[in-house]
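Here's a quick tour for anyone meeting this protein for the first time. Have a look at the sequence and the model, and then we'll walk through a few spots together.

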Amino acid sequence: MGCCESTFLSETHPEKQQQHNQHNQNPSYVHGGPPASADAEGGPGGVPPFSEFSLADLKAATNNFSSDYIVSESGEKAPNLVYKGRLQKNRRWIAVKKFTKMAWPNPKQFAEEAWGVGKLRHRRLANLIGYCCDGDERLLVAEYMPNDTLAKHLFHWENQTIDWAMRLRVALYIAEALVYCSSEGRPLYHDLNAYRVLFDEDGDPRLSCFGLMKNSRDGKSYSTNLAYTPPEYLRNGRVTPESVIFSFGTVLLDLLSGKHIPPSHALDMIRGKNILLLMDSHLEGNFSTEEGTVLVGLASRCLQYEPRERPSPKDLVATLAPLQTKPEVPSYVMLGIPKHEEAPPALPQHPLSPMGEACSRMDLTAIHQILVMTHYRDDEGTNELSFQEWTQQMRDMLEARKRGDFAFRDKDFKTAIDCYTQFIDVGTMVSPTVYARRSLCHLLCDQPDAALRDAMQAQCVYPDWPTAFYMQAVALAKLNMDKDAADMLNEAAGLEEKRQKGGRGS
């Protein structure tokens, strides 16, 4: 549980308290539930609602923040690192930015700022989907963009540089992102540069949401290279909407030249009408001189010393939109990357037991028979009760479980759900088998979301129990998450094989 407590949420933002409650009651809602209401602006697959993550979730997703999972999204150094991760609950890839407590000493302020940025949803943003505020930890969670940064494609390319039409598209899409943010009352963006522009699974450029967070105490709003810093920021240390336009101008210079050129030097070249010297030699003349002239002129306007002389975000879009010459060509083609396609479900890598076979066939009747036969033998050792704990409440709880078992055996699944829920709600004993049985009951009652939650709870109680993974596989398949279901089935089969080799029955 984070230190941004429910009382704070309910006092200041009732809608946050509602989502906070949904987080506790419905993990699938937080991590992979219905798309945001603004999904028309969302990315492929929909963007989940903004929510609070547990530190345990993010540790599991990033292999305990392993150095192997560090990505260079923003070009930042420790301690403000960005990690790639994959949520265990729904297999969604995420990007996690880790701050120090010194960066945000006040947890409420951090939560407030995160919620403000988290309201934004747009197809031109790598959207913020959550945060974690736990003890000294300050973490932001965003959509993961798998195809690197503009800096990588411009400055460190291996196969091909970015062609001219794609550079124009990058400029337009980022300008559209700035227009959207301004229209939503978030006009300030900190240190806009080529590392903040990311490419999604389809190769479309997106603006990282991390730059929308206010300046943190242990970091600067701009990089240490003063040549690229807006002159007014050097004077008073404040970021203004006009400062963002200056930074956009430096990105235009990057797109034009394919390298870092100090704005003052670039402006000297422009005034001397040495535009061809400014252009990236790797383009080899494969660009329109007219379009290049327009882009150079726009960069020059953005880099004006006086903030009031710079264009607005809408002016940027108005200038860049007419330059788009290949709107029908997908971004992945222009970037020279493979088309993003959902991989087909993997074939089982381990021999399947009768339970595995039943789950792979989605044979709920066979799964039911196996769970009835297995009874509670896998619960051994999960509960050790003292004599004092055998209270009347305990006897009532066990009686509820017994009634649930009879109903489960007799295929009265709605009654079984009610009885097992009575047992679970008391909370004195924790039974992975009850969760697995209730999960199957939910599946048979056409409630796959609830089934997935119960299967995950069974795994929490008994982390290496193959049945918990098998039940998750079936629930994921019912939710049409076929690749994730196949991965989970393989994981379950691997655990089962390992148990058998260890001499323990399944």
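## A buried arginine

Let's start with R206 and E143, whose side chains are joined by a polar contact of 3.3 Å. Keep in mind that this is a predicted model. R206 also has a partner in the backbone: a polar atom of its side chain sits 2.7 Å from the backbone oxygen of L125.

Where does R206 lie? You'll find R206 in strand β9. Is R206 buried or exposed? With a relative accessible area of 1%, R206 counts as buried, because the cut-off for that is under 20%.

## A glutamate in a loop

Just before that strand there's a loop, running between β8 (197-199) and β9 (205-208), and E201 lies in it. E201 has a relative accessible area of 16%, so E201 is buried too.

Now try finding H340. In sequence, E201 and H340 are 139 residues apart, yet in space their C-alpha atoms are 5.8 Å apart.

## The nonpolar cores

Time to look inside. The largest nonpolar core takes in 81 residues, and Y131, L140, L150, L192, F248, L252 and L320 have the most contacts inside it. Which helix gives the most to this core? That's helix α7 (residues 164-183), with 14 residues. As a general point, nonpolar side chains in soluble globular proteins tend to be buried together.

Pick out L320 from that group. Setting aside neighbours within four places in sequence, L320 touches A171, L172, A175, F248, L295 and L298. There's also a second, separate core, this one with 47 residues, including M397, F413, M429 and V434.

## Two helices side by side

Back to α7, which packs against helix α9 (residues 241-257) at an angle of about 170°, with the two axes 10 Å apart. Angles over 145 degrees count as roughly antiparallel, so that's how α7 runs relative to α9.

What does each helix bring to the meeting? From α7 come W164, R167, V170, A171, I174, A175 and L178, and from α9 come V244, F248, L252, L255 and L256. Sorted by class, this contact has 11 nonpolar residues, no polar ones and 1 charged residue.

## One more helix

Last stop: helix α16 (residues 364-374). Its buried residues are L364, A366, I367, H368, L371 and T374. Right after α16 comes H375, with a positive phi near 55°.

Notes:
Residues numbered from 1 in each chain as written. Predicted model: local features only at pLDDT ≥ 70, side-chain atom pairs only at ≥ 80, totals over all residues. Heavy atoms only, no water. Core = buried A, V, L, I, M, F, W, Y, C linked by side-chain atoms within 4.5 Å. Buried < 20%, exposed > 50% of the residue type's maximum accessible area, 1.4 Å probe, protein only. Helix = DSSP H or I, 4+ residues; strand = E, 2+ residues; numbered from the N terminus. Contact = heavy atoms within 4.5 Å. Polar contact = N/O pair within 3.5 Å; in protein donor to acceptor, adjacent residues only side chain to side chain. Axes fitted to C-alpha atoms, helices over the stretch in contact; angles between N-to-C directions. Parallel < 35°, antiparallel > 145°, perpendicular 65-115°, else oblique. Nonpolar A, V, L, I, M, F, W, Y, C, P; charged D, E, K, R; others polar.
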